[in-house]
Amino acid sequence: MDTGGMHTQDLLAADTGMGAVTLRVADLDRMTAFYTEGVRLSVVSSSPGRTVLGRGSVPIVVLEHAPELRHAGAHEAGLFHTAVLFDTRADLAAALYSVATRYPQSFTGSADHLVSNAFYCTDPEGNGVELYWDRDRSGWSWTHGMVDMATIALDPNAFLQEHLTQEALDGATARPGRVGHVHLSVGDVATAKTFYVDRLGFATTAGWGEALFVSAGGYHHHMAMNTWNSRGAGRRQLALGLGLVRIEVPALDDLDSLTERMRDHGLQLADDGRTVAFEDPWANRIEVTAPGRG
């Protein structure tokens, strides 16, 4: 991976991961049904106007009811997709089967990316969702510090025939799953690299033209940014869609280092004693936390 000449202390900790993605939604019941019946998440907690969905006790998507807001335009910055990572191909197949049978019109594509198998869909309010499984890291290839990824045809029906099991279907909501990465639509890639690599501390793992992939600890990517639909987009206005991206660092010292680094870059931070939050150049809100904070 390409650290861009950054010192180790300026990089995010190797065990950094992604937390639940918050979505502002117009129809809370309809969206909850999609993520439970389709993606096969379960309700972790619920309060008026807010539902937390996940696998087991791990939150993956937080739905916040905001019917007063408008839908974002097709070419605005925001969420490209939330990527849900499954531990086994059987678990991925169970989620794919549920989406395909309950919400067949939501399916948008599939690919073997060399590092992973991925299936794509869109939720009822237009938010992208990726369902994927990683190959073992020992099988990934790297060239000049960049991970080798590709987009190779992957037949969803053949995948289901090979990997779907009744056991995975029956126990889907209790089996492991988490946010593997978050992919954003941004206005330009150079500005995204300055923010997410040079300031926040991710390392570049892949990039070509209109897309950038970044990670901590040698993962293929924890976050990605592209301009495929949003070239030239400016700062977001309050709208339905992406509300919050969460990053989880492994220790308080890591959070303190990140906070100091971001302040050195002149970024405005909100620190409530539990999390540190800030905005990227397109007003996508980022929240970083560590175990034991607060």
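Let us start at a small spot in this predicted model: Ser 47 stands opposite Arg 50 of strand E4. These residues belong to a hairpin formed by E3 and E4, with two residues between the strands. One residue in the turn, Gly 49, has a positive phi of about 80 degrees. Strand E3 covers residues 42-47, and five bridges join E3 to E4 in an antiparallel arrangement.

Step back along the chain from E3 and you meet Arg 40, which sits just after helix H1 and takes a positive phi of about 70 degrees. At the other end of this helix, Asp 27 acts as the N-terminal cap, with a side-chain oxygen 3.4 Å from the backbone nitrogen of Asp 29. Between these two points, the buried residues of H1 are Leu 28, Met 31, Thr 32, Ala 33, Phe 34, Tyr 35 and Gly 38. What do the buried residues of H1 pack against? Their partners are strands E2 (21-25), E4 (50-55), E5 (58-65), E8 and E9, together with helix H2.

That brings us to H2 itself, which spans residues 89-102. Helix H2 lies across strands E6 (78-86), E7, E8 (116-122) and E9 (128-134), and it runs at about 155 degrees to E9. A salt bridge also connects the two helices: Arg 102 pairs with Glu 37, and their closest N and O atoms are 3.8 Å apart. Because Arg 102 lies in H2 and Glu 37 in H1 (residues 28-38), this pair ties together parts that are 65 residues apart in sequence. Are the two partners buried or exposed? Arg 102 is exposed, with a relative accessible area of 52%, while Glu 37 is partly exposed at 34%.

The strands beneath H2 are a good way into the sheet. E6, E7, E8 and E9 are part of an open sheet of eight strands, ordered E7-E8-E9-E6-E12-E15-E14-E13, and the pairing is mixed. Which strands form the edges? They are E7 (107-112) and E13 (203-208), each of which pairs on one side only. From one strand to the next, the twist averages 20 degrees. If you follow the sheet to its E13 edge, you will find five bridges joining E13 to E14 (residues 211-215), and these two strands run antiparallel. Within this part of the sheet, Gly 207 stands opposite Leu 212 of E14. As you look along the strands, keep in mind that side chains in a regular strand alternate between the two faces of the sheet.

Now let us return to the salt bridges. How many does the structure hold? There are eleven in the structure, and the link between H1 and H2 is one of several worth a visit. Arg 70 forms another with Glu 76, where the closest N and O atoms are 3.2 Å apart. Here Arg 70 counts as partly exposed at 37% relative accessibility, and Glu 76 is partly exposed as well, at 29%.

Further along, the side chains of Arg 246 and Glu 287 meet in a salt bridge with an N to O distance of 3.4 Å. This pair links distant parts of the chain, with Arg 246 in strand E16 (residues 241-248) and Glu 287 in strand E19 (residues 285-289), 41 residues apart. Both Arg 246 and Glu 287 are buried. Finally, Asp 91, Glu 167 and Arg 175 are joined into one network by salt bridges that share partners.

How values were computed: Residues are numbered from 1 along each chain as its sequence is written. Side-chain values use heavy atoms; hydrogens and water are left out. Two strands pair if DSSP finds at least two bridges between them. Helices (H or I, at least four residues) and strands (E, at least two) are DSSP runs, numbered from the N terminus. Axes are lines fitted to C-alpha atoms, for helices over the stretch in contact, and angles run from 0 to 180 degrees between N-to-C directions. Contact means heavy atoms within 4.5 Å. A salt bridge is a side-chain nitrogen of Lys or Arg within 4 Å of a carboxyl oxygen of Asp or Glu. Buried means under 20% relative accessible area, exposed over 50%, partly exposed in between (1.4 Å probe, protein chains only). A polar contact is a pair of N or O atoms within 3.5 Å; within protein, one must be able to donate a hydrogen and the other to accept it, and residues adjacent in sequence count only if both atoms are side-chain atoms.
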